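Reader: I should like to go through the terms applied to this structure and hear the grounds for each of them. Please set every value against its cut-off.

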Amino acid sequence: MPRHSRHARHEENEDLPAVTVSGASLREAGQLVRYLRPYLLRFVAALVALFLSSLCGLAFPYLVGRLVNSAITSRDISTPLPWHQNVNGIALALVTLLGMQAALSFVQSLWFIEVSERSLADLRRDTYARLIRLPMAFHVRRRVGELASRLSADLTQILDTIVSAVPHLLRQLIFFAGGVVLIALTSLRLTVVMLAAFPALIALAVVFGRILRRNSRQAQDRLADSNVIVEETLQGVASVKAFTNENHEEHRYRSALAAYLAVVLRGARYRGAFSSFVIFALFGAVVLVLWYGSRLVVSGDLSPGELTSFMIYTLFVAGAMGSFAELYSQLQRTLGATHRVRELLQEEPESASLADARGSDRRLRGEIVFENAAFRYPSRPEVQVLRDIRLNVEPGQRVALVGPSGAGKSTIVSLLMRFYEPEAGRIQIDGRNAQDYGLRELRGQMAIVPQDVLLFGGTIAENIAYGRPGASEAEIVAAAQQANADEFIPVSYTHLRAHETG
């Protein structure tokens, strides 16, 4: 039987459609938002804290402007004045405002992290549960490293966005919108001057966004390729050493990292160029506004305090616009990761289509009939592995399948276990079509000893009981004795529980 499972290469994803900010990608992201529902109250509370904290930030430039005007106009500090005209009163209000903002920022940061970590744990759980329930036909088309990358790197990308990018984006949007409104109320002429550069920035953001989307998807593909090499070599490290291929595998991994690094650096150049343009354009606009505002102060059309408030609001707006470039690219990367996670979650699991038994949980007698069974592996449809297989096995009969490698011996066992379904013919068990049995009912009465022995992480006792979770101490010890394990380990339940597999 061909070695196809672990080393089968998937088709490259270069021809897949690019992820866009609208349409399917937003629907996919919306599907993942349902993981926030159990924690919706805490999430809404964090949003309220974020909104109030942003309002405190927007009030800060106004009070600073009042403080400057109060310092300039107040000649006799001993004269009682209302707090909003008194230097000490305004300074106290600023300190109080900063304290409120700090407390609100702590609360919203804590709650956002809690919600995102809990929801991501749920997403990881469901993604992993879906992966292990997908049929063998899916797994032979994918590599272990690729799936591990989806479960770790892509979900981590989503986590980082929920924790930092989304709250930061909301805060910057509030600063941007509130800042534009407040500076317009302060001086409409200065506002027009400041906003003159925005149309060019928006157009450039659209162009760079498309480039960054493609680059992000290619980077994720290259990272998955490098993870695949690590997974394969560590799983088959004995083969690597037997053939002294350490240098070969090191070269493969170095080449994969070089390909990933080339894509990432190309994207970094695009993001760097865009960020540089944004910084030059925005802060150039700040210099222009400062120059024009100074002329208005000299002419008496604007007070020094109003110019101070205007400049701080301008910095808020400029900072918000400057951060949009990086936030936009991060959201693009997250949409790409979301698309890949949704691809896994949309795969039809084995249990949904096959596991519902139409029969009972009766004990199988073991009568097996292959009627003209034919089969091709999904990863190699051009190769006919089995053709017109006819086989009758009576209950209690022992049958040995003998043949050269690749003859289809393991394939017959895989069809019997219903890892795959025959493309022609049928398999009967105890006079009934094998497809009429639920997978749990069928596989729960079969045992398989694979060619490649695998020990799961944990104790020896846990590995022995893997085929029957919840087995008693006596059953575990008896199974170890029947497997002749007492020849190399002292068979006692205490000893089996105390020793980890290695």
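Author: Let us begin with valine 48, which is placed in helix α2 (residues 40-73). The model is a predicted one.

Reader: Why is valine 48 called partly exposed?

Author: The relative accessible area of valine 48 is 44%. Buried requires under 20% and exposed requires over 50%, so valine 48 at 44% falls in between and is partly exposed.

Reader: What makes Leu40, Val44, Val48, Phe51, Leu52 and Leu55 a nonpolar patch?

Author: A patch takes residues with over 30% relative accessible area and no salt bridge, and nonpolar side chains are joined within 5 Å. Leu40, Val44, Val48, Phe51, Leu52 and Leu55 form such a patch on the surface, and together they have about 480 Å² of accessible area. For valine 48, the value of 44% is over the 30% cut-off, so this residue meets the accessibility condition.

Reader: How do you know that glutamate 114 and arginine 118 meet in a salt bridge?

Author: The distance between their side chains is 3.4 Å, N to O. The cut-off is within 4 Å, so the pair of glutamate 114 and arginine 118 qualifies. Both residues lie in helix α3 (residues 87-133), four residues apart, which is about one turn of the helix. Salt bridges that share partners also join Arg42, Glu114 and Arg118 into one network.

Reader: Why do glutamate 114 and arginine 118 count as partly exposed?

Author: Glutamate 114 has 28% relative accessibility, and arginine 118 has 45%. Since partly exposed covers the values between under 20% and over 50%, the term applies to glutamate 114 and to arginine 118.

Reader: What makes glutamate 249 and arginine 252 a salt bridge, and where do they lie?

Author: Their side chains meet at 2.8 Å, N to O; this is within 4 Å, and the pair therefore satisfies the rule. Glutamate 249 and arginine 252 both belong to helix α9 (residues 246-299), where they are three residues apart, about one turn of the helix.

Reader: Is glutamate 249 buried or exposed?

Author: Glutamate 249 has a relative accessible area of 15%, which is under 20%, so this residue is buried. Its partner arginine 252, at 25% relative accessibility, counts as partly exposed.

Reader: How do you know that glutamate 367 and arginine 365 form a salt bridge?

Author: The separation of their side chains is 3.2 Å, N to O, and the rule asks for a distance within 4 Å, so the term holds. Glutamate 367 counts as partly exposed, at 23% relative accessibility. By this rule the count comes to 13 salt bridges.

Reader: Why does alanine 483 count as exposed?

Author: Alanine 483 has 55% relative accessibility, which is over 50%, and therefore counts as exposed. Alanine 483 is found in the loop between α15 (473-482) and α16 (493-498). Between alanine 483 and isoleucine 464 there are 9.9 Å in space, C-alpha to C-alpha, and 19 residues in sequence.

Reader: Where is the confidence lowest, and where is it highest?

Author: Confidence in the protein chain is lowest in helix α11 (residues 350-354), with a mean of 52, and highest in strand β1 (residues 368-375), at 91. Over residues 1-22 the pLDDT is below 50, although this stretch has 54 contacts in the model beyond near neighbours in sequence. The mean pLDDT of the chain is 77, and 81% of its residues reach 70 or more.

Key: Residues are numbered from 1 along each chain as its sequence is written. This is a predicted model: local features need pLDDT of at least 70, side-chain atom pairs count only at pLDDT 80 or more; totals for chains, interfaces and linings use all residues. Side-chain values use heavy atoms; hydrogens and water are left out. Helices (H or I, at least four residues) and strands (E, at least two) are DSSP runs, numbered from the N terminus. Buried means under 20% relative accessible area, exposed over 50%, partly exposed in between (1.4 Å probe, protein chains only). Patches are made of residues with over 30% relative accessible area and no salt bridge: like charges are joined within 9 Å, nonpolar side chains (Val, Leu, Ile, Met, Phe, Trp, Tyr) within 5 Å. Accessible areas come from the Shrake-Rupley method with a 1.4 Å probe; for residues, only the protein chains shown count as cover. pLDDT is the predictor's confidence in each residue, from 0 to 100. Contact means heavy atoms within 4.5 Å.
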